[in-house]
Amino acid sequence: MCTGILVYFSGLFLASVELDKQARGLEAQAFDLIQETAREAVSRIERGSVNSLDGWLRVRLAREAGWSVRVVDTQGTALAAAGPDSEGEPLNRLLPAGEGLLVGSLNNNRLLEGGQRIQGTLATLGSVQVRSRLSRPVWISSLPGIACVCSLISFLLVWGWLAFLLRGVKGIEAVLDGVVREEFWRRAHETGAEEIRILARRVNEAMESLTDGAVRVRQVYLETALALTRTVEAKDRYTSGHSQRVARYAVEMGEMLGFDEKRLETLRLGALLHDIGKVAVPDSVLLKPGPLDEEEFELMKRHPMAGDKVLSAIPGLRDVADVARSHHEKWDGSGYPLQVAGDAIPLEGRIVAIADAYDAMVTKRSYKKAMPLNQALVILEKDSGSHFDPSLVQIFVSMKRNGKGYRALSADSATEKSRASSGSNPELNESAR
Ligand SMILES: [Fe+2]
């Protein structure tokens, strides 16, 4: 916009310079015409033949196109006039053009104007006024258009430059947002003005060291959490390796569901750490060889929330904590600790619930024998829709019956399906504790 205004007024200035130059070129011609007309007017007025002055003027101006002449008496009454601009209207003055001459406009024409009094032998007789048309530079009429185009180009250039700068600034903003969300991998575009480039580079360098630190801290936390889980499992030789097996089943299901790498890793950690909250359960309950009484079971039911508390304190493990908290929820809402139902239970939690129950049923515990694989699958199917997510049970069971993944049914054992028990499952809640 400013450029357009600048162009417009610069053009007007150049136009006035051009008009002044033209006017100065006509200066001598104007003075000759004034002097000659004044002499003729004095002569003819004093001889009493002023009526013939019109004819003389027309003949005189026939040699010099573009000029107009007007002779008036002392009262302002026209004595003679010739030429297209000889009417007595005053000019709208634009600028002076030399001694006794000026440039003005009349009816949208640019004119050079000059005049002189007619001095007779005894008194002033009137005055003579001459005008000549000036050619207006063609580009002046295009000036508003040129100014608009310049404004538009300037606007686009400024907008493009600002967008270029803002890209760098937005990149830095995205990195800082990432810090808040613990997404330390984000980096800024090192682009824009030199200052922004340097700033983006510094931010990226800071993020590199922050990432290294965050990764190390997270790794230490994770190692500690995994060691805690192994400690809990090591107390009972029958549960040793349970978390690793649950993780294996869970990842198999995650792959069947098309999870990406990041989600598979969350699922794997969630499965490995799902029972970490058992560190808060007394050994007398944890290692009890037989079924738990009501009071003991209440103590055992605290472990999902305890696990959530431990894991959610670790940077970047919020999703993993959700798995630990929700792995004992049931599809119909009768689980614990929050008694949420259906899709309100995190998908990873629903997967781990199936993997946890399956492993608990098919492995030996201090208080029970290992159950045949197909019988465990039948129980999962039976509790599908009440305890477990039915669509996930279908995926898991068909995977195992088709011989896919860890501890799947072999071809021979699959034929025993018809003979498998389809009775109630008194051991499931106990075994999956
Ligand atoms: Fe558990």
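Author: A residue counts as buried when 20 or more other C-beta atoms, placed from the backbone, lie within 10 Å of its own, as exposed when there are 12 or fewer, and as partly exposed in between. The model is predicted: local features need pLDDT of at least 70 and side-chain atom pairs pLDDT 80 or more, while totals for chains, interfaces and linings use all residues. Residue numbers start from 1 along each chain as its sequence is written.

Reader: Is Arg407 buried, exposed or partly exposed?

Author: Arg407 sits in the loop between helix H15 (390–401) and helix H16 (411–414). Its phi is positive, about 50°, although Arg407 is not a glycine. Because 14 other C-beta atoms lie within 10 Å, Arg407 is partly exposed.

Reader: How many helices and strands does the protein chain have?

Author: Helices (H or I, at least four residues) and strands (E, at least two) are DSSP runs, numbered from the N terminus. By that count the protein chain has 17 helices and six strands.

Reader: What is the radius of gyration of the protein chain?

Author: The C-alpha trace spans about 150 × 45 × 40 Å along its principal axes. The globule rule, 2.2 Å times the number of residues to the power 0.38, with the radius taken over C-alpha atoms, puts a compact globule of 433 residues near 22 Å. The protein chain itself has 51 Å.

Reader: What percentage of contacts between residues at least 6 apart in sequence join residues at least 24 apart?

Author: Two residues are in contact if their C-beta atoms, placed from the backbone, lie within 7 Å. Of the 433 residues, 32% are buried. Among the contacts in question, the share joining residues at least 24 apart is 59%.

Reader: How far apart in space are Phe9 and Asp283, C-alpha to C-alpha?

Author: Phe9 belongs to helix H1 (residues 2–25). Phe9 has 12 C-beta neighbours inside 10 Å and so counts as exposed. In sequence Phe9 and Asp283 are separated by 274 residues, and in space, C-alpha to C-alpha, by 92 Å.

Reader: Why is H8 called parallel, perpendicular or oblique to H12, and which is it?

Author: Helix H8 (residues 261–272) and helix H12 (residues 318–326) have axes that come within 8 Å and cross at roughly 45°. Axes are lines fitted to C-alpha atoms over the stretch in contact, with angles from 0 to 180 degrees between N-to-C directions. Under 35 degrees counts as roughly parallel, over 145 as roughly antiparallel, 65 to 115 as roughly perpendicular, and the rest as oblique. The crossing angle therefore makes H8 to H12 oblique.

Reader: Which residues of H8 and H12 make the contact?

Author: The residues divide into four nonpolar, two polar and one charged. On the H12 side they are Asp319, Val320, Val323 and Ala324. On the H8 side they are Thr266, Leu269 and Gly270.

Reader: Which helices do the buried residues of H12 pack against?

Author: Seven of the nine residues of H12 are buried, so the rest of the structure largely encloses H12. Those residues are Val320, Ala321, Asp322, Val323, Ala324, Arg325 and Ser326. They pack against H8, helix H11 (303–312) and helix H13 (347–362).

Reader: What is the omega of the peptide bond from Tyr336 to Pro337?

Author: Pro337 is placed in the loop between H12 and H13. The bond from Tyr336 to Pro337 is cis, with omega near 15°.

Reader: What is the phi of Gln339?

Author: Gln339 lies in the loop between H12 and H13. Gln339 counts as exposed because it has 12 C-beta neighbours inside 10 Å. Although Gln339 is not a glycine, its phi is positive, at about 55°.

Methods
Ala, Val, Leu, Ile, Met, Phe, Trp, Tyr, Cys and Pro count as nonpolar, Asp, Glu, Lys and Arg as charged, and the others, Gly among them, as polar.
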